[in-house]
Every structure is written in structure tokens, then in C-alpha cells.
Amino acid sequence: MDSNEENPPSQEISEGLAKIKTSGSVFYNPVQEFNRDLSIIVLNTFAKQLPQSETPLNPGVKHENGISILEALSATGLRSIRYAKEVKGVKEIIANDISSKAVEDIRRNVCDNGVNDLVVPSHDDATMLMYKCRKERRFDVIDLDPYGCPSIFLDAAVQTIKEGGLLLVTATDMAVLAGNSPETCYSKYGAISLRMKACHEMALRILLQCIESHANRYGRYIVPLLSLSADFYIRVFVRVFTSAKTCKQTLSKLSMVYHCTGCGSFQLQPLGTMRINEKNRQMKYGLPTKPPGGSCEHCNHPYHLGGPIWNAPIHSSDFLNNLQTEVSENFATFKRIQGVLSVISEELIDVPLYYTLEQLSGTLHVETPSMVAVRSAILNSGYRVSYTHMNKTSIKTDAPGRLLWDIMRTWESQHPVNQKRLVENSPGTNILAKKIEFGVSFEYHSEASPESKKLGFLRFQQNPMPNWGPGTRATAMVGDNKLEKRKKNQGKRKREQSDDNENSEDNKNC
Ligand SMILES: [Zn+2]
């Protein structure tokens, strides 16, 4: 390794209302500007709804009754400085990092930006700092934006967040979460990831169940406000509340996932059941009795078992409505934020996971129908359908798998498949051998084209620039084993990049 790599040059960065300098060893990722812009909008929306926010709130001014924020892994301090300058109603922001070099940078940048009265630099191990604060000094907001997996910080974070406080958590180890390494995923997140088309939503739901399980240990539970998959990372925004009673519902908010290795169909198996007892109006908790049978009902191929995943809503509709009113054109990534939030607000909130158009047509080796045709067919049968922000050919629907395959069988009857492609016992052959049960109509349905598309929003952004990947962990944060980590990261970056590149086309690799 040459000396340039050991001591990369310092850089000056201007983003939002902040201007910072890095010493070069601290990692700055320009692609995360979208992430930081969106976080500022979320925090402004969150701060506004707190009871103490009746007086007019301004950014860049200390509010004694305002919110306290901990940025546990701050690196350059950029995020904290932006929060100080752009979030209304802040009392205090702790910008912490374990590296003394990073904290030097943070100190200098805080001074240069004139936010000394709002941002307090802190040099500590993130978990130790949180454990020290969990009794006397809880925070309204904790932001965890680590390199890789956040799970080692969760035990401390769920204890150190105030009642109803907001936890912001990023994960960048997408290869692990998207099914390339289910064993590693289990050891890190307590859930098995699967290589399925809906792997990005699966990743979000694995992270949410992981945070919930940490919270449950302390009689606490989460309420997701917004869950986002973007570029090379996922990020969730959840509130944390305390109630031993509500913790009993967790089992019913989790599911195992049966995923067909042949055709990609999936079934969810909830871990618990809940119903209200008619006589005494008490909640009755139970265990489900029927796991799905041994092989796929559509193509006869075997299932893989994944999960548990979070099976309850991953966004809050009310919060999304409030959020959209906070989006302003002042943000550099305004168009992308507007587009993503509009697609998210159209997602079916009560339907986990999704199919993709290529998955359906590819399994049958048939010409790919248009999204409008398939969406119309689902709507014409009386079921609901939406996109997800994670995939531009996603089909999220409450229609049974049987109907989806009937739609594809009907399509095939009009666009016959080349018989040579129908190998014996292949998923496609087995599916096409089944009779069509549902009457299918491809006639155009007025809701087949979503509002966000009609309005011409930037709904699905491609990889924005050449250096868009997660980068290496800041050398200042890695300490002794940085060479080893850097080496390890190189292959990983390539893998993740190829995952996401494929995702931007048709999600083949997941
Ligand atoms: Zn199948």
C-alpha cells in the first residue's frame, strides 16, 4: 500500500448549510447526501409533533425545551452540523466518535460552522457512551449510521432512547441482508435472509425485527415511521415505546418466510396469533397451527425457510403525510426525495414483500407483459396492487399466488412460449400444466398507472455517480486492523455494487 493511501489528502465539503473539512482519514460519502437530507426532513417532522413545539421553532437556535440528539458514530461531524443548522427546535446534539482524529475534525468543523452552543463533540466508544446515558440522560433521537451492520449498537440504543423517541438506523451490509450469506445474517441479525426478488424489503424487515427483539428485552417495542432502501444501504426510522403488554403482540408481528426455490412464490407463516375474546374483550394470544406443506403448490419445487421478518407495517401513513409537507426544493436531492416518498406513500402498507414482472415472465420463459397489463389484470380481479420504492418492476399485491400465475397462464395462452424451453419438471413447465381457474381480463384499469407516475416524479433513481458505493470504513475508525478490513471490503464492495447494479435493472442477483 502506498503512502498516499495511508494519508489521503484532506478535503473541503459543502453540503446543505454545512461546510466542513476532513483530515482525509475520515470517511465522507457524497452519495449519502440524500440520506442526510431525508433525515433532516424526518427530524423536522418529528420535532414538530412533540408537545413542547407549540412555540415557533427555528433552526440553528438553541431551544431549552427542544430535542436532544445523539449521533453515536459521527466521523466528520457533518451530519450533526447539518442537524444543528437545519433542524428546527433542537436543544443539544452530541457528535460522538471513537477515533480521536475524527473528534479533532468534529471540534474544528463545529467551530468553523458556529454551532458550538448546539453541537457537543464527544470522544467515546458509542456503546459505552449510551450505557452511561441510559438512566439519567436519555435522548429524544439516536442516529446510528455505522459502516456495515448496526446490531452491536442496538442493545444500548433501545435503552438510551426516551419514551416515544426516534431511532434512526442504517445498515450497509446488503450482501448479508439480501441473502448472499444467510448464516452470517442469522448470527448478526437473528434472522435468515433469502436470495429472493424482494430481498431489499426482506432486508428492511429483518432489521426491524432485530431492533424489535432488542427493545422487547427491556419491555419496549418499536413503531416504524419510515423504512427506506436506497443505493447500497437500508435505513429505518422507528419510535420506541414501553409496554410489556404490547410486547406480547410481537409474536404476531413476525413471520417466517417460505420461499419457493423454483418459481420464487412465497408464503408467510406468522409466529403468533391474536384475537379479541368476545366475552371479556381481552386479547387472546395463541400459536398458529398450519405451516405450509412441503413443496410449492404452483411448481412443486421445494421451499427455503427464511426469517423471522417484521410482518407489520414498515411505514406510518400519518407520518408519511406530515413528512411530505416538510419536503422543500431547498434540498439538493429534492427531486429524488419527492419521488421516493410519493412511491412509498402508494405502497400497500399491509402487504409484505413483492414479486417482480421479470420473475413471473422469466419463470415461464414467456414474453414479458407490460406492468400496466398485469396491474390491470390484478385490479380487474378485485385485488389491490402497488409498486414498492425498491424496484421499478415490483408487484406488491394481496392477490393470491394462484391468481398471479393464472394471469401469467392467460398471458401465455395469448403469447405462446417456445415449447423447446419447457424442460420436464421445470417450474415453468409445471406451472403451465395447471388449468386456469380465475377469469383474467387485461383490459386497462384506471388505477393501473399510479399517481406518482402520472405526476412525472423521479420515482426510481439509478446509481447516481461513479463512486456511489459504501466506500471503506474510515481508517480513523478502524484502528489497528485497517489493512485487513480494507482488503476485505474490496471484494465486498464489488459484490454489493453488482447486486445493486442488477437491482437497478431487474434484481436478478437477489
Ligand atoms: Zn414454486
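Begin by selecting residues 220-230, strand β8, together with β9: in this predicted model, the two strands pair in the antiparallel sense over ten bridges. Within this pairing, locate Val223, whose bridge partner in β9 is Arg239. Next, move to the turn of the hairpin, where two residues lie between β8 and β9. One residue to display here is Asp231, which takes a positive phi near 45°.

Keep β9 in view, now as residues 233-242. Eight of the ten residues of this strand are buried, that is, under 20% relative accessible area, so β9 is largely enclosed by the rest of the structure. Then add strand β7, residues 161-171, which pairs with β9 in the antiparallel sense over seven bridges. To find one of the places where these strands meet, select Ala171 and its bridge partner in β9, Ile234.

The next stop is a pair of helices. Select α5, residues 126-133, and α6, residues 151-160. Their axes are 8 Å apart, and the helices pack at an angle of about 20°. Angles under 35 degrees count as roughly parallel, and α5 and α6 are therefore described in that way. The crossing of the two helices is left-handed. To examine the contact, display Ala126, Thr127, Met130, Tyr131 and Cys133 on the α5 side; on the α6 side, display Ile152, Phe153, Asp155, Ala156, Ala157, Gln159 and Thr160. By class, this contact has eight nonpolar, three polar and one charged residues.

A second helix pair may now be selected: α2, residues 33-48, and α3, residues 78-86. Here the packing angle is about 40° and the axes are 10 Å apart. That angle makes α2 oblique to α3. The crossing of α2 and α3 is right-handed. From α2, show Glu33, Asn35, Arg36, Asp37, Ser39, Ile40, Leu43 and Asn44, which meet Leu78, Arg79, Arg82, Tyr83 and Glu86 of α3. Sorted by class, the contact of α2 with α3 has six charged, four nonpolar and three polar residues.

Finish at an open sheet of three strands, with the order β15-β17-β16 and antiparallel pairing. Select β15 (355-356) and β16 (385-388) to see its edges. Each of these strands has a single partner strand, so one side of each is left without a neighbour in the sheet. Then select β17, residues 391-397, which pairs with β15 over two bridges in the antiparallel sense. As a last selection, display Tyr355 with its bridge partner in β17, Ile395.

Methods: Residues are numbered from 1 along each chain as its sequence is written. This is a predicted model: local features need pLDDT of at least 70, side-chain atom pairs count only at pLDDT 80 or more; totals for chains, interfaces and linings use all residues. Side-chain values use heavy atoms; hydrogens and water are left out. Axes are lines fitted to C-alpha atoms, for helices over the stretch in contact, and angles run from 0 to 180 degrees between N-to-C directions. Helices (H or I, at least four residues) and strands (E, at least two) are DSSP runs, numbered from the N terminus. Angles under 35 degrees count as roughly parallel, over 145 as roughly antiparallel, 65 to 115 as roughly perpendicular and the rest as oblique. A crossing is left-handed if the near helix is turned anticlockwise from the far one by less than a right angle, and right-handed if clockwise. Contact means heavy atoms within 4.5 Å. Ala, Val, Leu, Ile, Met, Phe, Trp, Tyr, Cys and Pro count as nonpolar, Asp, Glu, Lys and Arg as charged, and the others, Gly among them, as polar. Two strands pair if DSSP finds at least two bridges between them. Buried means under 20% relative accessible area, exposed over 50%, partly exposed in between (1.4 Å probe, protein chains only).
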